[in-house]
Amino acid sequence: MKKLTYLTLSLFSIFTFAQEVSKERVKTVLSTLASDEMKGREIGTQENENAANYIAKLFKENNLEYCTGKSYLVPFDYNGKTVYNVCGIKKGKTDQYLGFSGHFDHIGTSDKSGDNIYNGADDDASGITTLVGIADYFKNKKPEFSMVFMAFNGEEKGMLGSRAISTDKNLDHIYNKMTALFNFEMVATESQWGKNTLYMTGDGFSDLDELFNKNAVNGLKLNPDPYAKQQLFYRSDNVSFVKKKIIAHSFSTVDMTKASHYHHENDDINIVDFDNMTQIINNFGKTLDKLNPKNFTPKYNDQVKL
Ligand SMILES: [Zn+2]
C-alpha cells in the first residue's frame, strides 16, 4: 500500500511536471518568429505566410482542432491578395469559450544599411509565443472552458486580420459562446511592477481583472492600465471583439514611458526576458486551470463605448 501510494505520487508529479512549458520551448517559438529569415513578417509577403504556416504547425503539435474549414489558416483579402489569420480550438469540458490572441505580422524591413529587419520580438512574437505556450500547457489536459487560439495578421496595417476574423460568420459558433478574449500585445519585458505581472487595457470597463486575480496562482497579477489616457483599449486587436460585445482586453508588460524598441530594429530577441515570459505562461496556465463558466463570468460596465 505504501509502495503504491509512492508510485501514484511520483507518477502524479511526473504528470504535473510534464505540463510545465519549458524556457527552451518559449525560446524556440519566439526566436523562430523573430528570426531574420522571417524578415519582419509584413502582411502580403512570403515571410508573413511562412510565419502563418509555422504557427499552424505549432497548433497541430498541440492537437488543436480547426476553427472552420479544413485548415488552421483562415483566409481574407488584402489588396486583392489572399492572406491568413491562424485559428485553432481546444475542446474543454464545457462548450463555453475563452479566447487567446496576439498578432503575428510586423512591419517588415527598412531601406537602412546594416540591421534593416524589424524582427518584432516583443511586437508581437511575444504575444503569439504566449498563446502557443498556453496551448502547450493544456496539450494533455481537458480544461473546464473550451479554448480558441487566434493569431491575427495585418495588425500593423490597421487591425485588418482581427477585423476580418471577428466578422467571419463561419466562426459565430465560437463567438456566440465566448466568455472573454485575452489579447497579448508586447509581453517580452518585465513590467513596471516587476516580474510575473502584466497590465490590462481598459481595466475600468470590466471586472475581468478582479475575477482573474482572485484565482491567480504563484503571485501572478493583472494590474490596471497605467496609460489609460493613450486609450490602448481601443487601439489594439481586442477592439474588434469589443464591437461584438465580447469581453476583450489586451494584456501587456511594455513600459510605454521607457520602451525604446517600439517599432525599431532593436526589437529583437536580445530584449526578451525569457525567464519572466516562461513564468507568466505557466502561471497563466495554472490560473486558467481553476477557471470555469461558474466562477469566471466577467461583465462590462456602462463605461465602455461599444
Ligand atoms: Zn503590436
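Which residue stands opposite Phe149 in E5? The legends below take up this predicted model, starting with that strand.

**View 1. Strand E5 and its antiparallel partner, E3.** Gly88 is the residue opposite Phe149 of E5. Strand E3 covers residues 81–90 and runs antiparallel to E5. Five bridges join the pair.

**View 2. Strand E5 and its parallel partner, E4.** Strand E4, residues 97–103, pairs with E5 in the parallel sense. This pairing counts seven bridges. One of the bridge partners is easy to pick out: His103 pairs with Phe152 in E5.

**View 3. Both faces of E5.** E5 spans residues 146–152, and seven of its seven residues are buried. One side carries Ser146, Val148, Met150 and Phe152. The other side carries Met147, Phe149 and Ala151. Both faces are covered.

**View 4. The crossover from E4 to E5.** Helix H4, residues 121–137, joins E4 and E5 in a β-α-β unit. The unit is right-handed.

**View 5. The largest nonpolar core.** This core holds 80 residues. Leu33, Ile55, Phe59, Val86, Cys87, Ile134 and Phe149 have the most contacts inside it. H4 gives the most to this core, contributing eight residues.

**View 6. Phe59 and its contacts.** Leave aside residues up to four places away in sequence. Phe59 then touches Leu64, Tyr72, Val86, Gly88, Ala135 and Phe149. Two of these names return from View 1: Gly88 and Phe149 stand opposite each other. Phe59 is also among the residues with the most contacts inside the largest nonpolar core.

**View 7. The buried side of helix H2.** H2 covers residues 23–33, and its buried residues are Val26, Val29, Leu30 and Leu33. They lie on the same side of H2, because they cover an arc of only 90 degrees around the axis. What do the buried residues of H2 pack against? Their partners are helix H3 (46–61), H4 and helix H9 (274–288). Leu33 also belongs to the group with the most contacts inside the largest nonpolar core.

**View 8. The whole chain, for context.** The protein has nine helices and nine strands. Its C-alpha trace spans about 70 × 45 × 45 Å along the principal axes. The radius of gyration is 19 Å, which agrees with the value near 19 Å for a compact globule of 306 residues. Of the 306 residues, 47% count as buried. Among contacts with a separation of 6 or more, 82% link residues 24 or more positions apart.

Key. Residues numbered from 1 in each chain as written. Predicted model: local features only at pLDDT ≥ 70, side-chain atom pairs only at ≥ 80, totals over all residues. Buried ≥ 20, exposed ≤ 12 C-beta atoms within 10 Å, placed from the backbone. Helix = DSSP H or I, 4+ residues; strand = E, 2+ residues; numbered from the N terminus. Pairing = 2+ DSSP bridges. Right-handed = clockwise from strand over helix to strand, strands pointing away. Core = buried A, V, L, I, M, F, W, Y, C linked by C-beta atoms within 7 Å. Contact = placed C-beta atoms within 7 Å. Rg over C-alpha atoms; globule rule 2.2 N^0.38 Å. Arc of directions from axis to C-beta.
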